[in-house]
Amino acid sequence: MIKTTSRIILLLTFCLFLVNWGGVGHRTISFKCPESFPASMDAFKVWNDSLSMHASDADNRKSADPNESPKHFLDVENYTEFNASGRIFSTYDSIVAKYGSSKAIKNGTLPWATQNTYNLLVNDFKALNWHKAMIDASDLGHYVADGHMPLHISANFDGYQTDNDGIHSRYESTMVGKYVTALSDYSGSTANYVSNVNKYIFNYIYTNHQYVDSVLLADNYAKSFDASYSTVYYTKLWSKTQFTTTLFKNASHALAELIYSAWVDAGSPPFRSTTFLNVVDSIHTPIVSVYPNPTTGIINFNTENIAKVEVFSISGELIRTYFQNEINLSNQTNGVYILNIFRNDGVLQKEKVVLAK
């Protein structure tokens, strides 16, 4: 009976894993990105799952790193030249020279964080450090996605200036979660090389900023039908914001173009299957055995060649990082957990485990 129950829990929670993502927008955008890789990057298409799994790493760092939060937004209207010309200084040094570093940080550093992460990725490719390249590409994907979310590039990010308080979460999280199937219904198109990364980043930011008013007007429209934010509200909000699918598609494509360009700038190093062991799917290539699974709490491994293990909830939240060969989940609730197992040789293995106490 216990074994049967465990199997049922495993089946149900695995199905839930497929549809309930947590950070769903970022995961969708990153997962779809490799569809746009050109033929010369076909070997990198195995990154889709890893990019998705690590799509919210940058968000997870906010609580521990005070320098992380400003990297996720740009309050572009707070710069006088934007209100006059629709543009701001494109280099961080120029912004600091005119406004000072405190104001620059307060208004967000999203475009420059994106550029800096791109530069890191170029160096990763040059060093043939495929694991770090995947991690930095995931961070790049997070910042690119933020640059395609209109409310991340507006001083009126939560609608408090226009009586739209709370719209950020309603639009980006709740509505996206309800309509993820429709939002992910797009295909990639071949990525092209980006010769001027800074200009490219600012161009999509300026383009996507044009949707800010559309989101706010959609919120007003939906509230006119249902000010209590029930199902009716979200149905109406979605009816006026279906351009969000375009934003998702453009974000996936922009990420693909930036990853491709970083690879080209690094000299297009060959990415052979014989060297690509940094991220493996244990279902197909078991390296580290995890047991017992399902578990009642204690998880063991068949090797001591482990640098660390990250434990994620099914919603994608980092629960804890372990640096030993035994993990105890007994204080967690039953369900599916995702393990990122980092070996000492740089190999990353992902495992799904079921906790059934």
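I will talk about the aromatic rings in this structure, which is a predicted model, and then about two lysines that lie over rings.

A search of the whole structure finds 19 aromatic pairs. Let me begin with the one formed by phenylalanine 44 and tryptophan 130, whose ring centres are 5.9 Å apart and whose planes stand at 70°, an edge-to-face arrangement. Phenylalanine 44 comes from the loop between α2 (24–32) and α3 (48–53), while tryptophan 130 belongs to helix α9 (residues 130–146), so this pair ties together parts that are 86 residues apart in sequence. As for exposure, phenylalanine 44 and tryptophan 130 are both buried.

The next pair is tyrosine 79 with tyrosine 99, and here the centres are 4.9 Å apart with the planes at 70°, so this pair, too, is edge-to-face. Because tyrosine 79 sits in the loop between α4 (57–60) and α5 (80–85) and tyrosine 99 in helix α6 (residues 92–99), the contact joins parts that are 20 residues apart in sequence. Tyrosine 79 is buried, at a relative accessible area of 0%, and tyrosine 99, with 17% relative accessibility, also counts as buried, since the cut-off for that term is under 20%.

Returning to phenylalanine 44 and tryptophan 130, I would add that ring pairs link these two with Trp47, Phe125, Tyr260 and Trp263 into a cluster.

Finally, the lysines: the charged end of lysine 240 is placed over the ring of tyrosine 221, at 4.7 Å from the ring's centre, and lysine 308 lies over the face of phenylalanine 342, 4.9 Å from the centre of that ring.

Methods: Residues numbered from 1 in each chain as written. Predicted model: local features only at pLDDT ≥ 70, side-chain atom pairs only at ≥ 80, totals over all residues. Heavy atoms only, no water. Phe/Tyr/Trp six-rings, centres within 6.5 Å; stacked < 30°, edge-to-face > 60°. Helix = DSSP H or I, 4+ residues; strand = E, 2+ residues; numbered from the N terminus. Buried < 20%, exposed > 50% of the residue type's maximum accessible area, 1.4 Å probe, protein only. Lys NZ or Arg CZ within 6 Å of the ring centre and 35° of its normal.
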